[in-house]
Amino acid sequence: MARRPQLTGRAAVLAIVVCAIAMSLAYPVREYVAQRRYIAQLEQQRAKELAEIKEQEDRYRQHFDPGYIKRQGRERLFYCDPGRKCYVVMRERQGQSKGTVAAEKKVVTPPWYQTLWESVEAADAGTGAKVAGTGG
């Protein structure tokens, strides 16, 4: 009995055709997958933008709500309704007691333009201090 070769000419041609088809489909499939991924990202971004638009519209509508306007006036501007007693609680600064706040002396710093002008006058009169380490 004659032995048949394991790889015939037809099988080799078939293998080459299958490889050619696989190679020709690889790029379009890869592009399809990439485009689907990009579409999913755009849909997520769109959903996020729509949520932000809804939030902004809700905030816009709040400004026409009389209850919201009153609440903001009380909280931010310390307005008080007629006939009500309102109190504003002043908090102490950290690390200070009541005695030190009253006894504290404020150090008054002159405005920047006054400091600038005084430095120009001192430089003109030659009485300004020379700064060490300014190569020149």
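What is the relative accessibility of Asp81, and does Asp81 count as buried, partly exposed or exposed? In this predicted model, Asp81 has 26% relative accessibility and counts as partly exposed. The legends below take up the side-chain contacts in turn.

**View 1. Asp81 forms a salt bridge with Arg74 and another with Arg84.** The closest N and O atoms of Asp81 and Arg74 are 4.0 Å apart. In the salt bridge of Asp81 with Arg84, the N to O distance is 3.7 Å. Arg74 has a relative accessible area of 34% and is partly exposed. Asp81, at 26% relative accessibility, is partly exposed because its value falls between the limits of 20% for buried and 50% for exposed. A search of the whole structure gives 5 salt bridges, among them the one between Asp81 and Arg74.

**View 2. Arg61 and Glu57 meet in a salt bridge within helix 1.** The N to O distance between the two side chains is 3.8 Å. Helix 1 covers residues 9-62, and Arg61 and Glu57 stand 4 residues apart in it, which means that about one helical turn separates them. Glu57 is partly exposed, with a relative accessibility of 39%.

**View 3. A disulfide joins Cys80 to Cys86.** How many disulfides does the count give? The count comes to 1 disulfide. The sulfur atoms of Cys80 and Cys86 are 2.1 Å apart. This S to S distance satisfies the rule because the cut-off for a disulfide is 2.5 Å. The angle about the S-S bond is 80 degrees, and the link of Cys80 and Cys86 is right-handed. Cys80 is partly exposed, at a relative accessible area of 34%. Cys86 is also partly exposed, with a relative accessible area of 42%. Another cysteine, Cys19, has 49% relative accessibility and counts as partly exposed.

**View 4. A nonpolar patch on the surface includes Tyr32.** The patch is formed by Val13, Val17, Ile21, Leu25, Val29, Tyr32 and Val33. Together these residues have about 640 Å² of accessible area. Tyr32 lies in helix 1. Is Tyr32 buried or exposed? Tyr32 has a relative accessible area of 52%, so it counts as exposed, the limit being over 50%.

**View 5. Tyr60 and Phe64 form an aromatic pair.** The count of aromatic pairs in the model comes to 2. For Tyr60 and Phe64, the ring centres are 5.2 Å apart and the ring planes are at 75 degrees, so the pair is edge-to-face. The angle settles the label because planes over 60 degrees apart count as edge-to-face. Both Tyr60 and Phe64 are exposed.

**View 6. Trp112 and Tyr113 form an aromatic pair.** Why is the pair of Trp112 and Tyr113 edge-to-face? The planes of the two rings are at 85 degrees, so the pair is edge-to-face. The ring centres of Trp112 and Tyr113 lie 5.8 Å apart. Trp112 is exposed, and Tyr113 is exposed as well.

Terms used
Residues are numbered from 1 along each chain as its sequence is written. This is a predicted model: local features need pLDDT of at least 70, side-chain atom pairs count only at pLDDT 80 or more; totals for chains, interfaces and linings use all residues. Side-chain values use heavy atoms; hydrogens and water are left out. Helices (H or I, at least four residues) and strands (E, at least two) are DSSP runs, numbered from the N terminus. Buried means under 20% relative accessible area, exposed over 50%, partly exposed in between (1.4 Å probe, protein chains only). Patches are made of residues with over 30% relative accessible area and no salt bridge: like charges are joined within 9 Å, nonpolar side chains (Val, Leu, Ile, Met, Phe, Trp, Tyr) within 5 Å. Accessible areas come from the Shrake-Rupley method with a 1.4 Å probe; for residues, only the protein chains shown count as cover. Rings of Phe, Tyr and Trp (its six-membered ring) pair if their centres lie within 6.5 Å; planes under 30 degrees apart count as stacked, over 60 as edge-to-face and the rest as tilted.
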